Amino acid sequence: MRILVPVDGSKYSMEGIRVASDFAKTKKADITVITVTPYISGLDLEISARELASLNEGMKRRGEEVLEKAKGMLTAEGISAATVLSSAVSAADEIIGLAEKEKVGLIIIGNRGLGGAATRFFMGSVALKVVSHAPCSVYVVKTA
């Protein structure tokens, strides 16, 4: 079984890493951890090219940090995982696309991310979009 775990650094996504760890131990599953940073070059921003490059580099660094933290949590449990750092307009579409491409059997995703309640009302929840359109089963992780 192949498991895909999207992470953004939120407590919900990191709880997903813990759940994936349990699945990996019991089902001998392969885990891929993905972080999707926002793709912003297409936006009409009134900033210089240098500032845009700096912003993109900062988001890339943050994504790498999140992936390293998630991978470290799995390594501490004796589990190896592949990591994917991606940049896209829609995190949900990127997650679904990777799940299709890699023939993933299960996506483990936190029910909320760093976007909070406000983004849910404007753009819809990433988890909701993934649940609705994923090519496989989706385990939604909630935490108190």
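In this predicted model, Lys28 sits out in the open: with a relative accessibility of 69%, Lys28 is classed as exposed, because the cut-off for that label is over 50%. Its place in the chain is the loop that leads from helix 1 (11-27) to strand 2. The backbone of Lys28 also does something worth a look, since its phi is near 55°, a positive value in a residue other than glycine. For comparison, most residues other than glycine have a negative phi.

A second lysine tells a similar story. Phi of Lys103 is near 55° too, again a positive value in a residue that isn't glycine. Lys103 belongs to a loop as well, the one between helix 3 (91-101) and strand 4 (106-110). Is Lys103 buried or exposed? At 67% relative accessibility, Lys103 counts as exposed.

Now for the overall layout. The chain is built from five helices and five strands, and reading along the sequence gives the pattern β-α-β-α-β-α-β-α-α-β. Of its 144 residues, 37% count as buried.

Strand 2 (30-38) is a good place to see that burial at work. Seven of the nine residues in strand 2 are buried, so this strand is mostly covered, with buried taken as under 20% relative accessible area. Strand 2 also has partners. Strand 1 (2-6) runs parallel to strand 2, and five bridges join the two. One of the pairings can be picked out by name: Leu4 has Thr32 in strand 2 as its bridge partner. Strand 2 is parallel to strand 3 (residues 81-88) as well, this time with eight bridges between them. Here Val33 stands opposite Thr83 in strand 3. In a regular strand the side chains alternate between the two faces of the sheet.

How do strand 1 and strand 2 fit together with helix 1? Strand 1, helix 1 and strand 2 make up a β-α-β unit, and this unit is right-handed.

Helix 1 has a link to another part of the chain, through aromatic rings. A pair of aromatic rings is described by the distance of the centres and the angle of the planes. The model has one aromatic pair. Its members are Phe23 and Tyr139, set edge-to-face, with 5.7 Å from centre to centre and 85° between the planes. Phe23 comes from helix 1 and Tyr139 from strand 5 (residues 137-141), so the pair ties together parts that lie 116 residues apart in sequence. Neither ring-bearing residue is labelled buried: Phe23, at 21% relative accessibility, counts as partly exposed, and Tyr139 is partly exposed with a relative accessible area of 35%.

Finally, there's the question of empty space inside. Rolling a probe the size of a water molecule over the atoms shows where empty space is left. The search turned up one cavity of 30 Å³ or more, and the volume of the largest cavity is about 30 Å³. Which residues line the largest cavity? The lining consists of Arg2, Ile3, Asp30, Ile31, Thr32, Glu102 and Val104. Strand 1 and strand 2 each supply at least two of these lining residues, and strand 2 gives the most, with three. Thr32, the bridge partner of Leu4, is one of the lining residues. By type, the lining splits into three nonpolar residues, one polar residue and three charged residues.

Terms used. Residues are numbered from 1 along each chain as its sequence is written. This is a predicted model: local features need pLDDT of at least 70, side-chain atom pairs count only at pLDDT 80 or more; totals for chains, interfaces and linings use all residues. Side-chain values use heavy atoms; hydrogens and water are left out. On a 1 Å grid over the protein atoms alone, a cavity is a set of points where a 1.4 Å probe fits but cannot get out, and a pocket is an open set with protein on both sides within 12 Å along at least five of seven lines; lining residues have an atom within 4 Å of a point. Grid points are joined across faces, edges and corners, and a volume is the space filled by probe spheres set on the points. Helices (H or I, at least four residues) and strands (E, at least two) are DSSP runs, numbered from the N terminus. Ala, Val, Leu, Ile, Met, Phe, Trp, Tyr, Cys and Pro count as nonpolar, Asp, Glu, Lys and Arg as charged, and the others, Gly among them, as polar. Buried means under 20% relative accessible area, exposed over 50%, partly exposed in between (1.4 Å probe, protein chains only). Rings of Phe, Tyr and Trp (its six-membered ring) pair if their centres lie within 6.5 Å; planes under 30 degrees apart count as stacked, over 60 as edge-to-face and the rest as tilted. Two strands pair if DSSP finds at least two bridges between them. A crossover is right-handed if, with the strands pointing away from the viewer, the path from the first strand over the helix to the second runs clockwise.
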